Amino acid sequence: MCQSCSMPLKKDPGAGGTEKNGSKSELYCSFCYSDGTFSHPEVDTAKKMQAMVKKVMKGKGVPGFLAGIMTWGIPKLSRWKK
Ligand SMILES: [Zn+2]
């Protein structure tokens with residue numbers, strides 16, 4: 001799964017983020033990461049990422065409690081671990 005937003009990389013429509021040299025990232029999805037940089041520079045904490053992912057899920061009709069469960073593990077991902 002993506003080490004930034006916890007989306008399963010297999011479900012990523014872009015099939016993974018891209019590095020500067022055009023190769024695929026094995027850590028991040030296309031939503032979070034492209035051309036070797038994170039796509040949402042304002043989202044710089046796990047809390048902000050959780051809020052953003054919940055918003056995206058809500059937009060897709062995912063119930064709030066389910067979005068909460070699915071974003072629960074975000075602070076444990078390697079991008080946010082300190
Ligand atoms: Zn991601």
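Asp-35 lies in the loop that connects strands E1 and E2. In this predicted model, the residue adopts a phi angle near 55°, a positive value in a residue that is not glycine. Asp-35 is classed as exposed because 11 C-beta neighbours are found inside 10 Å, and a residue with 12 or fewer falls into that class. The strands on either side of this loop are E1, residues 33-34, and E2, residues 37-38.

A positive phi is also found at Ala-15, again near 55° and again in a residue other than glycine. Ala-15 belongs to the segment that precedes strand E1. Its surroundings comprise 12 C-beta neighbours inside 10 Å, so Ala-15 counts as exposed; the limit for this class is 12 or fewer.

The secondary structure of the chain consists of 2 helices and 2 strands. In sequence order these elements follow the pattern β-β-α-α. Helix H1 covers residues 46-59, and helix H2 covers residues 64-71. Confidence in the prediction averages a pLDDT of 95 over the chain, and 100% of the residues score at least 70. Among the elements, the highest mean pLDDT, 97, belongs to strand E2, whereas the lowest, 94, belongs to helix H2.

The packing of the two helices was examined next. Packed helices are described by two quantities, the angle between their axes and the distance between those axes. For H1 and H2, the axes come within 9 Å and cross at roughly 140°. The two helices are therefore oblique to each other, since an angle has to be over 145 degrees to count as roughly antiparallel. The crossing of H1 past H2 is right-handed. On the H1 side, the residues that meet H2 are Gln-50, Val-53, Lys-54, Met-57 and Lys-58. Their counterparts in H2 are Gly-64, Ala-67, Met-70 and Thr-71.

Outside these helices, Pro-41 is located in the loop between E2 and H1. Pro-41 counts as exposed because it has 7 C-beta neighbours inside 10 Å. Between Pro-41 and Asn-21, which are 20 residues apart along the chain, the C-alpha separation is 20 Å. Ser-78 occupies the segment after H2. With 9 C-beta neighbours inside 10 Å, Ser-78 is likewise counted as exposed. The C-alpha atoms of Ser-78 and Gln-3 are 5.6 Å apart in space, although 75 residues separate the two in sequence.

At the level of the whole chain, residues 24 or more positions apart account for 40% of the contacts with a separation of 6 or more. Buried residues constitute 17% of the 82 residues. The C-alpha atoms fill a box of roughly 40 × 30 × 20 Å along the principal axes. The radius of gyration of the chain is 12 Å, which agrees with the value near 12 Å expected for a compact globule of 82 residues.

Technical notes: Residues are numbered from 1 along each chain as its sequence is written. This is a predicted model: local features need pLDDT of at least 70, side-chain atom pairs count only at pLDDT 80 or more; totals for chains, interfaces and linings use all residues. Helices (H or I, at least four residues) and strands (E, at least two) are DSSP runs, numbered from the N terminus. The radius of gyration is taken over C-alpha atoms; the globule rule is 2.2 Å times the number of residues to the power 0.38. A residue is buried if 20 or more other C-beta atoms lie within 10 Å of its own, exposed if 12 or fewer, and partly exposed in between; C-beta atoms are placed from the backbone. Two residues are in contact if their C-beta atoms, placed from the backbone, lie within 7 Å. pLDDT is the predictor's confidence in each residue, from 0 to 100. Axes are lines fitted to C-alpha atoms, for helices over the stretch in contact, and angles run from 0 to 180 degrees between N-to-C directions. Angles under 35 degrees count as roughly parallel, over 145 as roughly antiparallel, 65 to 115 as roughly perpendicular and the rest as oblique. A crossing is left-handed if the near helix is turned anticlockwise from the far one by less than a right angle, and right-handed if clockwise.
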